[in-house]
Amino acid sequence: EEEEEGGKVVGSVVLMKWEADGWFYEGLMRQKEGDWCYVSDAAGVSEWVHSSDVVSLASAKSMKRMLNVGDTVIAIHPNYSFSYAPGRVKKVLSDGTYTIEFYEGAEADLPRDQVHLLPKDKWRGAVEHIRRKEQEWVGKAVLAREDSDGLYHFGKVIQHLAMSQQYRIRWPDGTSSIQNVSHMFSAQKNATPVSRESWKKGDFVLAMAYPGICAPGKVLAADQRPHGLTSGGGDGRGDEEEMLLAVEFWDGKWRSVSPRQCFKLSRDYYESAVGYLQSIQSSSFHSPSPSPSPS
C-alpha cells in the first residue's frame, strides 16, 4: 500500500496533520530537508512537519484510479469546512462518487478529488492521534468564543462530546456552553514570549479588547513600547523592553496590547469572526470603550 503520488515537492499543495487536533488541513510545501517539510497553512503559519504527517494530494493521473470498498482514506468532512479526517470507503456509487464513513461514524458522498488514499498503518495512527487529542483538551484552560455575544472569554473544557469536534466549556460565572474546537485557543499558548520579528502591521489577531475579553482585530503597528504609543488600556508596566502592538478592533476602536495576550488569526477566520459579531452583537452588551483610532 502506498500513498497516491501528487508529490511532496516544494511549491505543491499537501495535507498536513495539525498537532492540536490530529485532523488534516491543506498547506503549501515551502521547503524540504530530509524527512522534514516546511509547510504554511491557510492561516499563514509556517512550521516544520515530519513527512509522515504530510499527505500528498492525489495527482491527476491517480485520480483516475477507482477506489474500492474498505480502502482507508482521508477525506473532507461534511460537518467542518476545509477539514480532512480519516475514514473508509463504504460504497462505490454509480455516478463516480464514494460514500465515506468517517472514523467517528459520520458519512458523506464525495467526489474522487476530495478523497485521498492513506496506508492502513498511517490511517490507524491518525485515528489514534485524534482520539488522544480529543481527550487532552478536557481539563484545559482555553480562550473560546461565547456564541451569545460573539466575543472570546476564558474558560475551562469540562467535556468532549462524543463523535464530534465539540466541547463543553465552563465559564467563570459557573455557566457552560458547547463550542467547536475551531473557536478554541489554548490559554497556555500566550505564556510563551513571541519574537518581535513574528509580528507586523496588517496581521490579524485575537487580542484583549476589554478586561478578560478578547476580540478580533488588526495590527496597526508593531514594536511599540509602553512609554510610546498608548491608549490608556495597554499592558505597559514600566518594562521598556516589552513590545506592544497597536491593535484596531473589529468595531474600529484601538488599544495597545501585549503580544502575550494575542493569538494570530488567518484573514478568513478574522473575517468570519467579524461577520459573526456583526450579526449577533446587540446594544445590551456594554463595555469600557478603547480610544479612537490614532490619526
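What follows is a conversation about a predicted model, going through its cores, some single residues and its salt bridges.

Visitor: I'm new to this one, so what should I know about the model before I start?

Guide: Please keep in mind that this is a predicted model, and that residues are numbered from 1 along the chain as its sequence is written.

Visitor: Okay, let's start inside. How many residues does the largest nonpolar core have, and which have the most contacts in it?

Guide: The largest nonpolar core has 30 residues, and those with the most contacts inside it are Tyr152, Phe185, Leu206 and Leu245. Two or more residues each come from the strands β12 (151-160), β16 (204-210), β17 (213-224), β18 (244-249) and β20 (263-265), and also from the helix α2 (267-280).

Visitor: And which of those gives the largest share?

Guide: That is β16, from which seven residues of this core come.

Visitor: You mentioned Leu206, so what does it touch?

Guide: Not counting residues up to four places away in sequence, Leu206 touches Leu143, Tyr152, Phe185, Cys214, Ala215, Pro216, Gln261, Cys262, Phe263 and Leu265. Apart from the core just described lies another core, this one of 29 residues, including Ala75, Ile76, Val89 and Ala126.

Visitor: Why would residues like that gather inside at all?

Guide: In soluble globular proteins, nonpolar side chains tend to be buried together.

Visitor: Let me switch to Asn180. Where is it found, and is it buried or exposed?

Guide: Asn180 is found in strand β14, which covers residues 176-180. Asn180 counts as buried because its relative accessible area is 11%, and the cut-off for buried is under 20%.

Visitor: What does its side chain pair with, and what else does Asn180 touch?

Guide: The side chains of Asn180 and Ser182 are joined by a polar contact of 2.8 Å. Leaving out residues up to four places away in sequence, Asn180 also touches Tyr80, Gln165 and Gln166.

Visitor: Now Arg65, where does that one lie?

Guide: Arg65 lies in the loop between β5 (54-56) and β6 (72-76), and with a relative accessible area of 44% it is partly exposed. Not counting neighbours within four places in sequence, Arg65 is in contact with Tyr98, Arg112 and Leu117.

Visitor: How many residues apart in sequence are Arg65 and Arg112?

Guide: They are 47 residues apart in sequence, while in space their C-alpha atoms are 9.1 Å apart.

Visitor: Which residues form a nonpolar patch on the surface?

Guide: Met66, Val69 and Val92 form such a patch, with about 270 Å² of accessible area together. Val69 is found in the loop between β5 and β6, and at 56% relative accessibility this residue counts as exposed.

Visitor: Changing topic again, how many salt bridges does the structure hold?

Guide: The structure holds nine salt bridges. In one of them the side chains of Glu19 and Lys133 meet, at 3.1 Å from N to O, and this pair links distant parts of the chain, since Glu19 is in the loop between β1 (13-17) and β2 (24-33), whereas Lys133 is in helix α1 (residues 120-136), 114 residues apart.

Visitor: Is Lys133 buried or exposed?

Guide: Lys133 is buried, with a relative accessible area of 11%, whereas its partner Glu19 is partly exposed at 45%.

Visitor: What else does Lys133 form a salt bridge with?

Guide: Lys133 also forms a salt bridge with Glu136, the closest N and O atoms being 3.0 Å apart. Because Glu136 and Lys133 are three residues apart in helix α1, about one helical turn separates them. Glu136 is partly exposed, with a relative accessible area of 37%, and Glu19, Lys133 and Glu136 are linked in a network of salt bridges.

Visitor: And which residue does Glu271 form a salt bridge with?

Guide: Glu271 forms a salt bridge with Arg267, and the closest N and O atoms are 3.7 Å apart. The two are four residues apart in helix α2, so about one helical turn separates them, and Glu271 is partly exposed, with a relative accessible area of 45%.

Definitions and conventions
This is a predicted model: local features need pLDDT of at least 70, side-chain atom pairs count only at pLDDT 80 or more; totals for chains, interfaces and linings use all residues. Side-chain values use heavy atoms; hydrogens and water are left out. A nonpolar core is a set of buried Ala, Val, Leu, Ile, Met, Phe, Trp, Tyr and Cys residues joined through side-chain atoms within 4.5 Å. Buried means under 20% relative accessible area, exposed over 50%, partly exposed in between (1.4 Å probe, protein chains only). Contact means heavy atoms within 4.5 Å. A polar contact is a pair of N or O atoms within 3.5 Å; within protein, one must be able to donate a hydrogen and the other to accept it, and residues adjacent in sequence count only if both atoms are side-chain atoms. Patches are made of residues with over 30% relative accessible area and no salt bridge: like charges are joined within 9 Å, nonpolar side chains (Val, Leu, Ile, Met, Phe, Trp, Tyr) within 5 Å. Accessible areas come from the Shrake-Rupley method with a 1.4 Å probe; for residues, only the protein chains shown count as cover. A salt bridge is a side-chain nitrogen of Lys or Arg within 4 Å of a carboxyl oxygen of Asp or Glu.
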